[in-house]
Amino acid sequence: SKNHNKKTSKKLKKQLKKTDKLASVNTDTNSIIEINTAKSNKLNNVINIILCIILFIIPLLITPREIDTPPYNLLKIITLLLCGAILLVCVIIKIVKKEFKLDLIDKTLLVFYALIVISTIFSTNKVKALIGEDNRYEGFLTLTVYFLTYYCAKYYFNYNKKLKYFAIATVIISSVIGILQYYNIFPFYYI
């Protein structure tokens, strides 16, 4: 009976050691998952900040017009392209982490984007195809940013009620600027 108890206690000790090892492996796995989730959340926060800049700040950017000043929307396009570059890096990171997903609409838009790429490659005027028409600047680069903005907004944008107030403020300010420009009252840029 004592022999049997010793064998049983040794078996229990071995099982406990195995359980402890499994628990430590499980804890390590959980901490790795938590670290990856934290990094993913940081990346999602970066995407949200960039999307907020695109939605709420870019519409309000105006370059004052003087004799030698570039067109009024050049500042908007430069800011949009910089934001797009950051979004592109974020999407590439998502692709590498295998957090990239596409539904049927996305795949359809991807085909459309492929056609844009092909038309840019075979364009007779490569500069206009890349940058776009003067004073518009809606060429391949800008369309790429539009696609990135759509994708990131669809899958990673975190809407909260505070953003609604920023959107209302942006719309009101943009409307006032538009009305003032129409009547040539706006001091920074005249139509």
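## Buried and exposed: a starting point

A residue counts as buried when its relative accessible area is under 20%, as exposed when that value is over 50%, and as partly exposed in between. Lysine 94 has a relative accessible area of 1%, so this lysine is buried. Please keep in mind that the model in front of you is predicted.

The same cut-offs help with the chain as a whole, where 25% of the 191 residues count as buried.

## Overall fold

What does the secondary structure of the chain come to? There are 6 helices and 0 strands. Followed along the sequence, the pattern reads α-α-α-α-α-α.

## Salt bridges

The structure holds 4 salt bridges. One of them pairs the buried lysine 94 with glutamate 99, with 2.9 Å from N to O. Its two partners are covered as follows: glutamate 99 is partly exposed because its relative accessible area is 26%, while lysine 94 is buried at 1%.

Lysine 154 takes us to another part of the chain. Its side chain meets that of aspartate 103 in a salt bridge, at 2.5 Å from N to O. Lysine 154 sits in helix α5 and aspartate 103 in the loop between α2 and α3, so this pair ties together parts that are 51 residues apart in sequence. Both count as partly exposed, lysine 154 at 34% relative accessibility and aspartate 103 at 29%.

Lysine 154 also forms a salt bridge with aspartate 106, and here the closest N and O atoms are 3.1 Å apart. This pair links distant parts of the chain as well, with aspartate 106 in helix α3 and lysine 154 in helix α5, 48 residues apart. Is aspartate 106 buried or exposed? At 4% relative accessibility, aspartate 106 counts as buried. Through shared partners, the salt bridges join Asp103, Asp106 and Lys154 into one network.

## The largest pocket

About 300 Å³ of space lies in the largest pocket. This pocket is lined by 15 residues, and those closest to its centre are Phe100, Leu110, Phe147, Leu148 and Tyr151. Sorted by class, the lining has 13 nonpolar, 1 polar and 1 charged residues.

Which helices each supply at least two residues of this lining? They are α2 (74–96), α3 (104–121) and α5 (140–156). Helix α5 gives the most, with 5 residues.

## The second largest pocket

The second largest pocket has a volume of about 200 Å³. Of its 10 lining residues, Asn73, Lys76, Ile77, Glu138 and Tyr146 are the closest to the centre. By class, the lining of this second pocket divides into 5 nonpolar, 2 polar and 3 charged residues. Which helix provides the largest share of the lining of the second largest pocket? That is α2, with 3 residues.

## A nonpolar patch on the surface

Turning to the outside, Val111, Phe112, Leu115, Ile118, Ile121 and Phe122 make a nonpolar surface patch of about 640 Å². One of these residues, phenylalanine 122, is found in the loop between α3 and α4 (126–131). Phenylalanine 122 counts as exposed because its relative accessibility is 65%.

## Two single residues to look at

Most residues other than glycine have a negative phi. Lysine 98 is not a glycine, yet its phi is positive, at about 65 degrees. Where is lysine 98 found? Its place is the loop between α2 and α3. With 74% relative accessibility, lysine 98 counts as exposed.

Threonine 144 belongs to helix α5. Its relative accessible area is 15%, so threonine 144 is buried. The C-alpha atoms of threonine 144 and leucine 88 are separated by 9.1 Å, and the two residues are 56 residues apart along the chain.

Notes
Residues numbered from 1 in each chain as written. Predicted model: local features only at pLDDT ≥ 70, side-chain atom pairs only at ≥ 80, totals over all residues. Heavy atoms only, no water. 1 Å grid on protein atoms, 1.4 Å probe; cavity = no way out; pocket = protein on both sides within 12 Å on 5 of 7 lines; lining within 4 Å. Points joined across faces, edges and corners; volume = space filled by probe spheres on them. Helix = DSSP H or I, 4+ residues; strand = E, 2+ residues; numbered from the N terminus. Nonpolar A, V, L, I, M, F, W, Y, C, P; charged D, E, K, R; others polar. Patch = residues over 30% accessible without salt bridge, like charges linked within 9 Å, V, L, I, M, F, W, Y side chains within 5 Å. Areas by Shrake-Rupley, 256 points an atom, 1.4 Å probe, with all protein chains shown as cover. Buried < 20%, exposed > 50% of the residue type's maximum accessible area, 1.4 Å probe, protein only.
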